[in-house]
Amino acid sequence: MLRLSDVRKTYVVGPVPVEVLRGVDLEVEPGDFVAIMGASGSGKSTLMNIIGLLDSPSSGSYSLDGREVSAMTDKRRSAIRNASIGFVFQAFNLLPRLTALENVRLPLTYRAGTGGTEMNRRAREALERVGMGERAGHRPTELSGGQQQRVAIARALVGAPTIVLADEPTGALDPATGSDIMELFAELNAEEGTTLIVITHDPEVARRCVRRTHIGDGVLHEETAPAA
């Protein structure tokens with residue numbers, strides 16, 4: 001499904017090149033539930049941006065669903081990102097003037113050939129999947145933080161993406177609500193086979209994932225033993 005091979009990323013800061021990723025290898029199969037854990041400055045945000053097609057590697061290979069994406073045009077990458085990757089962010093990123101239903105259906109408006117009735121049906125189904133069907137008409141200010149994150153997860157799922165990429169999904173939530181969100185991810189993975197990649201600095205979040213990897217100094221390591 002997803003394969004990175006010897007992916008490197010170098011930024012030029014003034015006259016000095018800074019190598020942020022130093023030969024990352026990663027394979028994610030359908031139905032995987034993977035944590036990429038790392039401290040600030042470890043390279044995890046850069047890796048997330050490359051996986052999410054928001055940035056390109058300086059060298060190396062990245063294929064998604066069998067398509068090499070490293071050298072694609074921005075327009076083509078945007079189309080694949082919209083069709084294949086669902087995003088969940090720490091800050092929720094819901095539009096305050098839109099209802100939960102309208103926020104969830106938003107990604108579908110960028111897809112040709114999907115009518116309004118179909119978009120509404122799919123958005124309602126996605127809200128039901130995350131337990132927010134009864135809040136479809138509520139705006140973000142009328143929802144708790146945990147409810148907003150559930151709406152954000154529904155938005156990520158509505159387009160039937162290949163992968164859901166969650167960036168610090170519990171970072172803005174209290175521990176109990178964050179635990180509920182991770183439980184929801186676990187249910188989506190176990191019961192529906194949703195493929196999830198969770199970017200986190202929190203060991204407790206990483207422990208809830210089935211696979212755990214660690215990134216440090218631009219190098220990714222797979223955890224081979226269960227977390228303590």
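Helices and strands on this tour are DSSP runs numbered from the N terminus, with at least four residues for a helix (H or I) and at least two for a strand (E). Keep in mind throughout that the model is predicted.

**First stop: helix 5 over strands 6 and 7**

Select helix 5, residues 145–157, and follow it across strand 6 and strand 7, where the helix runs at about 165° to strand 6. Then select the two strands beneath this label, strand 6 and strand 7 (residues 163–167), which run parallel and are joined by five bridges. Within this pair, Phe89 stands opposite Asp167 of strand 7.

**Second stop: the six-stranded sheet**

Widen the selection to the open sheet that contains these strands, whose six members follow the order 6-7-8-3-9-10 with mixed pairing. Strand 6 (85–89) and strand 10 (219–222) form its edges, each of them pairing on one side only. If direction is ignored, neighbouring strands of this sheet are turned by 20° against each other on average. Helix 1 packs on this sheet, touching strand 3 (33–37), strand 6, strand 7, strand 8 (196–200), strand 9 (211–216) and strand 10, and the direction of helix 1 makes about 155° with that of strand 8.

**Third stop: the four-stranded sheet**

Now select the open sheet of four strands, which has the order 2-1-4-5 and antiparallel pairing. Strand 2 (16–28) and strand 5 (67–68) each have a single partner strand, so one side of each is left without a neighbour in the sheet. Helix 1, residues 44–51, packs on this sheet as well, where it touches strand 1 (2–13), strand 2 and strand 4, and its direction makes about 120° with that of strand 1.

To look at the pairing in detail, select strand 1 together with strand 4, an antiparallel pair joined by five bridges; here Arg3 has Ser63 of strand 4 as its bridge partner. Moving on to strand 4 (residues 59–64) and strand 5, you find another antiparallel pair, in this case joined by two bridges, with Leu64 having Arg67 of strand 5 as its bridge partner.

**Fourth stop: backbone angles and accessibility**

Which residue takes a positive phi in the hairpin of strand 4 and strand 5? Select Asp65: the hairpin has two residues between its strands, and Asp65 takes a positive phi near 55° there. Most residues other than glycine have a negative phi. Asp65 lies in the loop between strand 4 and strand 5, and at 35% relative accessibility this residue counts as partly exposed.

Asp6 is the next residue to select, with a phi near 50°, again a positive value in a residue other than glycine. Asp6, however, has its place in strand 1. Its relative accessibility is 36%, and Asp6 is therefore counted as partly exposed, since that class lies between the limits of 20% and 50%.

Finally at this stop, select Val16, which lies in strand 2 and is partly exposed, with a relative accessible area of 44%.

**Fifth stop: the largest pocket**

Return to strand 6 and display the largest pocket, which has a volume of about 470 Å³. Its lining comprises 20 residues, and those closest to the pocket centre are Asn82, Ile85, Phe87, Pro107 and Arg155. Helix 2 (74–84), strand 6 and helix 5 are the elements that give two or more residues to this lining, and strand 6 supplies the largest share, with four residues. Colouring the lining by residue class separates 11 nonpolar, six polar and three charged residues.

**Last stop: the second largest pocket**

The second largest pocket has a volume of about 230 Å³. Of the 15 residues that line this pocket, Thr170, Pro175, Gly178, Asp202 and Val205 lie nearest its centre. Which helix gives the most to the lining of the second largest pocket? Helix 6 (175–192) and helix 7 (203–207) each supply at least two residues, and helix 6 gives the most, with four residues. By class, the lining divides into four nonpolar, six polar and five charged residues.

To finish, select Val205 together with Val16 from the fourth stop: the two are 189 residues apart along the chain, and their C-alpha atoms are separated by 35 Å.

Conventions
Residues are numbered from 1 along each chain as its sequence is written. This is a predicted model: local features need pLDDT of at least 70, side-chain atom pairs count only at pLDDT 80 or more; totals for chains, interfaces and linings use all residues. Side-chain values use heavy atoms; hydrogens and water are left out. Two strands pair if DSSP finds at least two bridges between them. Contact means heavy atoms within 4.5 Å. Axes are lines fitted to C-alpha atoms, for helices over the stretch in contact, and angles run from 0 to 180 degrees between N-to-C directions. On a 1 Å grid over the protein atoms alone, a cavity is a set of points where a 1.4 Å probe fits but cannot get out, and a pocket is an open set with protein on both sides within 12 Å along at least five of seven lines; lining residues have an atom within 4 Å of a point. Grid points are joined across faces, edges and corners, and a volume is the space filled by probe spheres set on the points. Ala, Val, Leu, Ile, Met, Phe, Trp, Tyr, Cys and Pro count as nonpolar, Asp, Glu, Lys and Arg as charged, and the others, Gly among them, as polar. Buried means under 20% relative accessible area, exposed over 50%, partly exposed in between (1.4 Å probe, protein chains only).
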